[in-house]
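Biologist: Please take one helix of this model and go through it closely. I would like the packing described, and then the rest of the chain as background.

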Amino acid sequence: MISLSDLRKVYRTRGDREVVALDGIDLHVPRGEVHGIVGESGAGKSTLIRCLTALEEPSSGTVAIDGVTLTGLGERELRRQRRRIGMVFQHVNLLDARTAAQNVAYPLRVAGVSRAERDVRVAELLQLVGLGDRGDSYPSQLSGGQKQRVGIARALAAEPAVLLCDEPTSALDSDTTRQILRLIRELRDRLGLTVLIITHEMSVVREVCDSVTLLDRGKVAQTGPIAEVAGEHGSRLARSLVPLPPEPGVAGRTTLELAFGGGTPAHRVLAAVAALGEDVDVASGTIETLAGTRVGRLRITVPAAAVASSTARLRAEGVHVEEVAP
Ligand SMILES: Nc1ncnc2c1ncn2[C@@H]1O[C@H](COP(=O)(O)OP(=O)(O)OP(=O)(O)O)[C@@H](O)[C@H]1O
C-alpha cells in the first residue's frame, strides 16, 4: 500500500526563489491496485516519484510504503526499505555487455544472494515476464518490448511490494505497449503488487489503471476509480478519458455536450435529443467501457437562438448538458 499524507516539496532555486513542486498531496493506493498519475509537464510527477523512492526528501508530510513510513529513516534502514520498491523506466538502461539473465541477476548479486539461489530466481523471473528462453541473449539481440520485460524482471528481483513505473511504454509501439500493460496487470494479479504508473498517455490509464490521479501544479486536481472520474461529467479527466474528435463549428449554430453513463442511460439521452425536433444535428460522439462501466459524450448542435430552450428541456429530462465554447 502506498500512502502519501500532506506531502510538500519546495525547491529553492539559485536566485533564492521558491518553487512549490508538491503542495499538500494526499494519496492512498490500496494493495494490489494499479494507479495512474497524470498531469502536464511541471505538474510534479517526477518529484512525486523521487519522494516515493526517498531520492528526494519531502519538505513536509509523510511517505509510507506498506505501513512503513520512509520519511525520517536512517540511511541503512532506508536502503533496506527501498528494496521494497521496484522501478521501471521508459529507457530500460540494461548493461549491454551482460546477457538478459546477468542483468536480472545484478541486483541479487549486489544484495549478496548466493550464485545457486540467484540462478533459480533469475530463471523464475525471466519465465514470469515471458522470456524463459531468452536468458542468454544480449540487449542488442532483444526488441524494445523484450528489453522492457527484462527491466521489469530486474525490478522484481528483490521481491518488491510496490512497482513504480515511470512512463514505462512511452518508447514502445502500440502493440508492444498493450503487451507490456497486460504483463503489468498479470504481475499485479499473480504477485499482489501495488503499481503506480506515471504516464502522459491516457490510453495507458484506460487500459491498465484501476484508479487515477490528475496532478496540477503540485496539487491533486482530481482522483478516484477510473469509472468514477470518467463519470464526473465535464471534468478534465472525463474529457481526456473519453476523447472526442475535433469538429469544425458551424456558423449560427451552438454546440452542446451531453453525457452518457453513470445515472444517465443512453436511451434517456437519445430520447431527449430526439424530442428537440428536426433542428438538432449530431456533431460527434464517443462511448468507452472503462473498468466495466460505459461512459460517453455526445455533441449536438442547435440553432443559436434555441440554446436556452434546448438546454432547459434536456436538463428537465435529467441529461447533463454543457454549452461548448466556440
Ligand atoms: N531540482 C529542482 N530545483 C528547482 N525546481 C525544480 C527541481 N526539480 C523540479 N523542479 C520544479 O518543480 C516543478 C515540478 O517538476 P517535476 O519535474 O516534478 O514535474 P513533472 O510533472 O515530472 O514534469 P515532466 O512531465 O515535464 O517531467 C516544476 O516547476 C519544476 O521546474
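Modeller: The account below starts with one helix and then moves outward.

This is a predicted model, in which local features need pLDDT of at least 70, side-chain atom pairs count only at pLDDT 80 or more, and totals for chains, interfaces and linings use all residues. Residues are numbered from 1 along each chain as its sequence is written.

The helix is H4, residues 115–128; helices (H or I, at least four residues) and strands (E, at least two) are DSSP runs, numbered from the N terminus. The expected span of a helix is 1.5 Å times one less than its number of residues. For the 14 residues of H4 that gives 20 Å, and the end C-alpha atoms are 20 Å apart, so the two values agree.

The buried residues of H4 are Arg-118, Val-122, Leu-125 and Leu-126. They cover an arc of only 95° around the axis and are therefore on the same side of H4; the arc is that of the directions from the helix axis to the C-beta atoms. A residue is buried if 20 or more other C-beta atoms lie within 10 Å of its own, exposed if 12 or fewer, and partly exposed in between, with C-beta atoms placed from the backbone. The buried residues of H4 pack against helix H3 (100–110) and helix H5 (144–156). On the face turned away from the buried side, H4 carries the exposed residues Ala-116, Glu-117 and Val-120. Just after H4, Gly-130 takes a positive phi of about 80°.

From H5 the description can pass to Glu-159, which is placed in the loop between H5 and strand S7 (162–166). Glu-159 counts as exposed because it has 12 C-beta neighbours inside 10 Å. The C-alpha atoms of Glu-159 and Arg-83 are separated by 7.8 Å, although the two residues are 76 residues apart along the chain.

As for the background, the protein chain has 11 helices and 14 strands. Of its 326 residues, 37% count as buried. Its C-alpha atoms fill a box of roughly 75 × 50 × 35 Å, taken along the principal axes. UniProt, in an unreviewed entry, lists residues 2–242 as "domain: ABC transporter"; positions from that record are given in the numbering used here, feature names are shortened, and annotations may be inferred rather than shown by experiment. The span 2–242 is 37% helix and 27% strand, and its end C-alpha atoms lie 28 Å apart.

How values were computed: Two residues are in contact if their C-beta atoms, placed from the backbone, lie within 7 Å.
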